[in-house]
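Here's a walk through the model on your screen, from how far to trust it to what sits inside it. Keep the viewer open and click along.

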Amino acid sequence: MAKNNKFQCHISLKQSVGCVLLCVFVLTAVGAWGQDVLVDGALVVESGTIQAASSGSGIGQIHFVGHATQVQAQIGTGFGFRYTTSGHPDGTPIILTVAFKHPPITDPKTGETTNGQVYQLNSAIGRAEAEYFVFEKPFELVSGTYEWRIFHGKLLLTEQAFTVSGGRESSAQSSLQEPPKPAPLRSMETVFKGITTLGQSVFLNTKDGEFVLKSQKDPELFIQIVDVVSRIRSGDDITVFYREPRSKEVYGELVGIKTSFFGALGKTNISQ
């Protein structure tokens, strides 16, 4: 399971920690004392496998050793990294967005498959934060690339990737059945009405209906679309690119948007 030790709690593959992703995507702001606030990067200070970490460990008890990016999939093995943000003034509260992507993992009890999560983290300039993943259940032992990206607004501060081997192929890779073909890509010129976030999903409300984008599908596109749509005014013209809902689904799957000011974002080629 993916974790952030600031909160000293588990982040499941299904749920996120913190508030919904509707933050203000700016690179500068005005602090409580009238000072300009700038976040310009992040420095990875530790990375590798976890040493002497146990359930409920606090921030001072987790250490990353070896700087290894190659990890063997075994129950109890954990890996991750610690980083500090840079900018000014030091200690100013900021909100980071963490995008974690991993190979498709299927829970055999629920049948649900996930390949990542996006969540917000209350932090401060200069504060040490840590992200890590621990193999706790047999179905989580999946080989592939596990990657974190840390953002402040749209600015990518740092990224860290690990290659896991010794596990099984993901259910998506090992399935002998041909995966179902995606629904055809459609486009619609409509009028933007608003945006709603609920957990790991964002709902785009237009004059002609609602469309949903889930962060597990594409964490980075999720961040970008929330950023752009948060700046669009109700009543603005917008072109929505989507796939029609499958059986038992209510909303069309949002895959891209196009506006006169921000241009195209996501999949906007209807031949895809």
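A residue is called buried here when its relative accessible area is under 20%, and exposed when that area is over 50%. With that cut-off in hand, take strand 9: nine of its 12 residues are buried, so the strand is largely enclosed by the rest of the structure.

Before going further, remember that this is a predicted model. Its mean pLDDT is 79, and 76% of the residues reach 70 or more. Which elements mark the two ends of the confidence range? Strand 2 (residues 9–11) has the lowest mean pLDDT among the elements, at 34, while strand 7 has the highest, at 95. The weak spot goes beyond strand 2: pLDDT is below 50 over residues 6–34, a stretch that still has 81 contacts in the model beyond near neighbours in sequence. Residues 52–60 also stay under 50, and there the model has 11 contacts beyond four places in sequence. As a rule, predicted coordinates should not be read in detail where pLDDT is low.

**The strand pairs**

Back to strand 9. Its antiparallel partner is strand 8, and the two are joined over 11 bridges. Ala-99 has Val-118 in strand 9 as its bridge partner. The two strands make a hairpin with six residues between them, and in that hairpin Gly-111 takes a positive phi near 80 degrees.

Further along the chain, strand 14 (residues 201–206) is mostly covered too, with five of its six residues buried. Strand 14 and strand 15 form a hairpin with two residues between them. Here are the three antiparallel pairings together:

| Strands | Bridges | Facing residues |
|---|---|---|
| Strand 8 and strand 9 | 11 bridges | Ala-99 and Val-118 |
| Strand 13 and strand 14 | six bridges | Thr-196 and Phe-203 |
| Strand 14 and strand 15 | six bridges | Asn-205 and Glu-210 |

**The cores**

Nonpolar side chains tend to be buried together in soluble globular proteins. In this model, the largest nonpolar core has 26 residues, and Phe-79, Phe-135, Tyr-146 and Trp-148 touch the most other members. Several strands each supply at least two residues of this core: strands 4, 7, 8, 9, 11 and 12. Which strand gives the largest share? That's strand 8, with five residues. Apart from this core lies another one, of 22 residues, and Ala-99, Phe-222, Val-226 and Val-240 are among them.

Phe-222 and Val-226 also show up in helix 2, where they are two of the buried residues. Helix 2 (residues 219–229) is mostly covered, with nine of its 11 residues buried. The buried set also includes Pro-219, Leu-221 and Asp-227.

**The aromatic rings**

The structure holds 15 aromatic pairs. One of them joins Phe-79 and Phe-133, which sit 5.9 Å apart centre to centre with 35 degrees between the planes, a tilted arrangement. This pair links distant parts of the chain: Phe-79 is in strand 7 and Phe-133 in strand 10 (residues 128–134), 54 residues apart. Both Phe-79 and Phe-133 are buried.

Phe-79 has another ring partner in Trp-148, and this pair is edge-to-face, at 6.1 Å centre to centre and 70 degrees between the planes. Phe-79 lies in strand 7 and Trp-148 in strand 11, so the pair ties together parts that are 69 residues apart in sequence. Trp-148 is buried, just as Phe-79 is.

Zoom out a little and these rings belong to one aromatic cluster: Phe-79, Phe-81, Tyr-83, Phe-100, Phe-133, Phe-135, Tyr-146, Trp-148 and Phe-162.

**A polar residue at a strand end**

One last stop is Thr-259, in strand 17 (residues 252–259). Is Thr-259 buried or exposed? Its relative accessibility is 11%, so Thr-259 counts as buried. The Thr-259 side chain reaches the backbone nitrogen of Phe-262 at 2.9 Å. Leaving aside neighbours within four places in sequence, Thr-259 is in contact with Ile-232 and Ile-238.

Key. Residues are numbered from 1 along each chain as its sequence is written. Side-chain values use heavy atoms; hydrogens and water are left out. Buried means under 20% relative accessible area, exposed over 50%, partly exposed in between (1.4 Å probe, protein chains only). Helices (H or I, at least four residues) and strands (E, at least two) are DSSP runs, numbered from the N terminus. Two strands pair if DSSP finds at least two bridges between them. A nonpolar core is a set of buried Ala, Val, Leu, Ile, Met, Phe, Trp, Tyr and Cys residues joined through side-chain atoms within 4.5 Å. pLDDT is the predictor's confidence in each residue, from 0 to 100. Contact means heavy atoms within 4.5 Å. Rings of Phe, Tyr and Trp (its six-membered ring) pair if their centres lie within 6.5 Å; planes under 30 degrees apart count as stacked, over 60 as edge-to-face and the rest as tilted. A polar contact is a pair of N or O atoms within 3.5 Å; within protein, one must be able to donate a hydrogen and the other to accept it, and residues adjacent in sequence count only if both atoms are side-chain atoms.
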